[in-house]
Amino acid sequence: MQCEYCQQHISQQLELSQLLWLKPVTPPQICETCHSKFTRINSAHICAGCGRSGDYPRLCSDCQAWQQHRALLHNRAIYHYDEMMRWYFEQYKFNGGYHLHTIFAAELSQTLANKCLVPIPVTKHTMATRGFNQTLGLLDDNLWIVEALRCKFYDKVAQSKKNRVTRLQTQQPFAVTGEVQAILDQPVILVDDVYTTGRTLYHAADCLHAAGVKNISSMTLAR
Ligand SMILES: [Zn+2]
Ligand SMILES: [Zn+2]
């Protein structure tokens, strides 16, 4: 097994329980050294709104702008969106690297266990071209996942191809599915891969809120 990043051989140590119970083993896609190059966000030094890293009085300037005309969405992110994370998303999302979906599964499972999770959906066009929903892919099957949102349109210009101003002006792209009825009284965590301007997550939160969900926050792998 080779590390996808440094191409070195990965030797895998099986735990005793895996040997005894013949538990299915997911082989690691990158070695421990490369995994340690992803930089965690220190939760003691973040914006209280979007969860971005840094020492802010309370909110970063983006969140101050959001707060001027609406209630703030509280987002937390685990990793910095840095060079290493850019490499990861490039491989995973854009180079057909679905096999890389388990790299963060363990830590996401730890953070999100027993919580009601609504993943941000992808358009039918993305589904047809990429073949998977990258956010759903990050989440382990054992988690409480409710697909309460769908995309209203077949296609949209990928957020990553838009500039900041166009991103912030996009119209509501989501609608709720029938599954929302079961979670109206639950604290719901929206999950997305990356928080960039917040526009996508705010749209998703608005959509759930309009359907009657009262307690909404969000979590992203990177910020
Ligand atoms: Zn490596
Ligand atoms: Zn912020």
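This briefing covers two zinc sites, one helix and the contact between two domains. The model is predicted. The domain assignment splits the protein into domain 1 (1-37) and domain 2 (38-222). Zinc ion (ligand 1) has Cys3, Cys6, Cys31 and Cys34 as its protein donors. Zinc ion (ligand 2) is held by Cys47, Cys50, Cys60 and Cys63.

**Zinc ion (ligand 1)**

- The SG atoms of Cys3, Cys6, Cys31 and Cys34 lie 2.3 Å from the zinc ion (ligand 1).
- The site of this ion is tetrahedral, with angles of 102 to 117° among its 4 donor atoms.
- Along the sequence, its donor residues follow the spacing C-x2-C-x24-C-x2-C.
- Cys3 sits in the segment before α1 (16-21) and Cys34 in helix α2, so the pair ties together parts 31 residues apart in sequence.
- Cys3 counts as buried, at 0% relative accessibility.
- Cys34 is buried too, with a relative accessible area of 1%.

**Zinc ion (ligand 2)**

- Cys47, Cys50, Cys60 and Cys63 coordinate the zinc ion (ligand 2) through their SG atoms, at 2.3 Å.
- Angles among the 4 donor atoms run from 104 to 113°, and the site is tetrahedral.
- The donors of this ion are spaced C-x2-C-x9-C-x2-C along the chain.
- Cys50 and Cys63 link distant parts of the chain, 13 residues apart. Cys50 belongs to the loop between α2 (32-35) and α3, while Cys63 belongs to helix α3.
- Cys50 has a relative accessible area of 0% and is buried.
- Cys63 is likewise buried, with a relative accessible area of 0%.

**Helix α3**

- Which residues of helix α3 (residues 61-69) are buried? They are Asp62, Cys63 and Trp66.
- These buried residues cover an arc of only 90° around the axis, which means that they lie on the same side of α3.
- An α-helix has 3.6 residues a turn, so residues three or four places apart point the same way.
- Ser61 and Gln68 are exposed, on the other side of α3.
- Cys63 thus has two roles in this account: it is one of the buried residues of α3, and its SG is one of the donors to the zinc ion (ligand 2).

**Domain contact**

- The C-alpha centres of domain 1 and domain 2 are 27 Å apart.
- Domain 1 gives 9 residues to the contact, and domain 2 gives 12 residues.
- About 910 Å² is buried between domain 1 and domain 2. Carbon and sulfur atoms account for 64% of that area.

Conventions: Residues are numbered from 1 along each chain as its sequence is written. Chains are lettered from A and ligands numbered from 1 in the order in which they are written. This is a predicted model: local features need pLDDT of at least 70, side-chain atom pairs count only at pLDDT 80 or more; totals for chains, interfaces and linings use all residues. Side-chain values use heavy atoms; hydrogens and water are left out. Buried means under 20% relative accessible area, exposed over 50%, partly exposed in between (1.4 Å probe, protein chains only). Helices (H or I, at least four residues) and strands (E, at least two) are DSSP runs, numbered from the N terminus. The arc is that of the directions from the helix axis to the C-beta atoms. Donors are N, O and S atoms within 2.8 Å of the metal (3.2 Å for Na, K and Ca); water is not among the atoms, so sites may look incomplete. Four donors count as tetrahedral if all angles lie between 85 and 135 degrees; four count as square planar and six as octahedral if opposite donors are over 155 degrees apart and all others between 65 and 115; anything else is irregular. Domain bounds come from an automatic or database domain assignment. Contact means heavy atoms within 4.5 Å. Buried area is the accessible area (1.4 Å probe) that two parts lose on being put together, summed over both.
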